[in-house]
Amino acid sequence: MPVTLQRTHAQRPWALIDLPPFPAVAMRVLKLLSKDDVGMKELTREIQADPALSLEILTIANSALFGFRSEVRNILQATALMGAERVKAIALTVAMKGYLTKSFQIPALLACWRHSLASAFLAEDLAKAALMEKEFAYIAGLLHDVGRLALGMIKPMEYANLLAAADEKPVDILEQERELFGMDHCHAGAWLTQAWKLPKPFVEVATHHHEKPSGKFDIVSIVHYGCLMADAVGFEAVRPQEPHSLQEVLRTLPDRERLRFRSDPEQLATQVAMRINSLE
Ligand SMILES: [Fe+2]
Ligand SMILES: [Fe+2]
């Protein structure tokens, strides 16, 4: 069902009324996502305006994740070495992590964040196999469950209890969310991505990632499979109602992507875990 964005604060869905504002620097980075031709200088200027964000980006740029031989000393250099899209992806990851930190005290909500990261990495790998832009897929994966992260932030204990109950006995989590919040996390994600004026593909991913892809293998399909694979390699946010093994998920991919995608579940799980660790 298409989600209509209501523009005024008064019309914000009640479930999202108490959501703290997204950090200003993250909003600026999100704005840059809508522009294809962001120059290195513009991106550097936005990021350097926030010294804590700059420092974290440099720490990640100098981590084993990238393995540069010499030290990356400033954001301009990081952008030159990694590319503007990669720096945007890291900046958004760091900003979201900072925004959600309080939720991480609750293990079930930390698991939701790790699921988002795992989905982002797997969407990126899948985009490589599909010859699509990998940073774009990473960001779409990172944002796909933004509605879930928001619901978890607004009512942390209630949402964690809902996830715990689903762990005991698999349920339709979207249905449960609708009962608790009057909206599910796809609807919440649709509302937020539109309110943040993100490019349309991110809105579509947040809205439709739980629907079985049909037709063209696009960014929504990539993130749908990235999310299922994250579940299959042990990074689920909630126990799936119908769990699938990695091999089962891979079997449903189009031939080209399936053949190009590495498929050893243990190796994949280890690699995803290592990448997540390097961001924590
Ligand atoms: Fe989801
Ligand atoms: Fe997901």
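In this predicted model, helix α2 spans residues 40-48 and contains Leu43. Leu43 has a relative accessibility of 0%, so this residue counts as buried. Val29 lies 14 residues from Leu43 along the chain, and the two C-alpha atoms are 8.1 Å apart.

Two iron ions are bound, and their centres are 3.6 Å apart. Asp145 coordinates both. The iron ion (ligand 2) takes four protein donors: NE2 of His115, NE2 of His144, OD of Asp145 and SG of Cys227. These donors lie 2.2 to 2.6 Å from the ion. Along the chain they follow the spacing H-x28-H-D-x81-C. Angles between the four donor atoms run from 82 to 170 degrees, so the arrangement around ligand 2 is irregular. His115 belongs to helix α6 and Cys227 to helix α13, so this pair ties together parts that are 112 residues apart in sequence. Both His115 and Cys227 are buried.

The iron ion (ligand 1) also has its protein donors listed by atom: Asp145 (OD), His185 (NE2), His209 (NE2) and His210 (NE2). Their distances from the ion are 2.1 to 2.2 Å. The spacing of these donors is D-x39-H-x23-H-H. The four donor atoms subtend angles of 88 to 179 degrees, so the arrangement around ligand 1 is irregular. Asp145 and His210 link distant parts of the chain, 65 residues apart. Asp145 sits in the loop between α7 and α8 (146-154), while His210 sits in the loop between α12 and α13. Accessibility was computed for each member of this pair. Asp145 has 0% relative accessibility and therefore counts as buried. His210, at 35%, counts as partly exposed, because that class falls between the 20% and 50% limits.

The largest pocket has a volume of about 1,000 Å³. It is lined by 40 residues, and those closest to its centre are Leu174, His209, His210, Glu211 and His224. Two of the names in that central group, His209 and His210, also appear among the donors of the iron ion (ligand 1). Five helices give two or more residues each to the lining: α10 (173-181), α11 (185-195), α12 (200-208), α13 (219-232) and α14 (246-251). Helix α13 gives the most, with six residues. By class, the lining has 18 nonpolar, eleven polar and eleven charged residues.

The second largest pocket has a volume of about 270 Å³. Of its 18 lining residues, Leu65, Phe66, Arg86, Phe121 and Arg275 are the closest to the centre. At least two lining residues come from each of α5 (84-100), α6 (107-129), α7 (134-143) and α16 (265-277). Helix α5 gives the most, with four. The class division is eleven nonpolar, two polar and five charged residues. Domain 1 (21-100) and domain 2 (106-280) each contribute at least three residues to this lining.

Internal space was examined next. The structure holds two cavities of 30 Å³ or more. The largest cavity encloses about 70 Å³. Its lining consists of Leu19, Phe22, Met96, Tyr99, Leu100, Val146, Leu149, Ala150, Leu192 and Trp196. Helices α5 and α8 are the elements that give two or more residues to this lining. All of the lining is nonpolar: ten residues fall in that class, with no polar and no charged residues. Domain 1 (21-100) and domain 2 (106-280) both give residues to the lining, so the largest cavity lies between them.

The second largest cavity has a volume of about 40 Å³. Its lining is formed by Leu100, Ser103, Phe104, Leu109, Cys112, Arg148, Leu149, Gly152 and Met153. Two or more lining residues come from each of α6 and α8. Helix α8 gives the most, with four residues. The lining divides into six nonpolar, two polar and one charged residue. Leu100 and Leu149 appear in the linings of both the largest cavity and the second largest cavity.

Conventions: Residues numbered from 1 in each chain as written. Chains lettered and ligands numbered in written order. Predicted model: local features only at pLDDT ≥ 70, side-chain atom pairs only at ≥ 80, totals over all residues. Heavy atoms only, no water. 1 Å grid on protein atoms, 1.4 Å probe; cavity = no way out; pocket = protein on both sides within 12 Å on 5 of 7 lines; lining within 4 Å. Points joined across faces, edges and corners; volume = space filled by probe spheres on them. Nonpolar A, V, L, I, M, F, W, Y, C, P; charged D, E, K, R; others polar. Domains from an automatic or database assignment. Donors = N, O, S within 2.8 Å, 3.2 Å for Na, K, Ca; no water. Tetrahedral: all angles 85-135°; square planar, octahedral: opposite > 155°, others 65-115°. Buried < 20%, exposed > 50% of the residue type's maximum accessible area, 1.4 Å probe, protein only.
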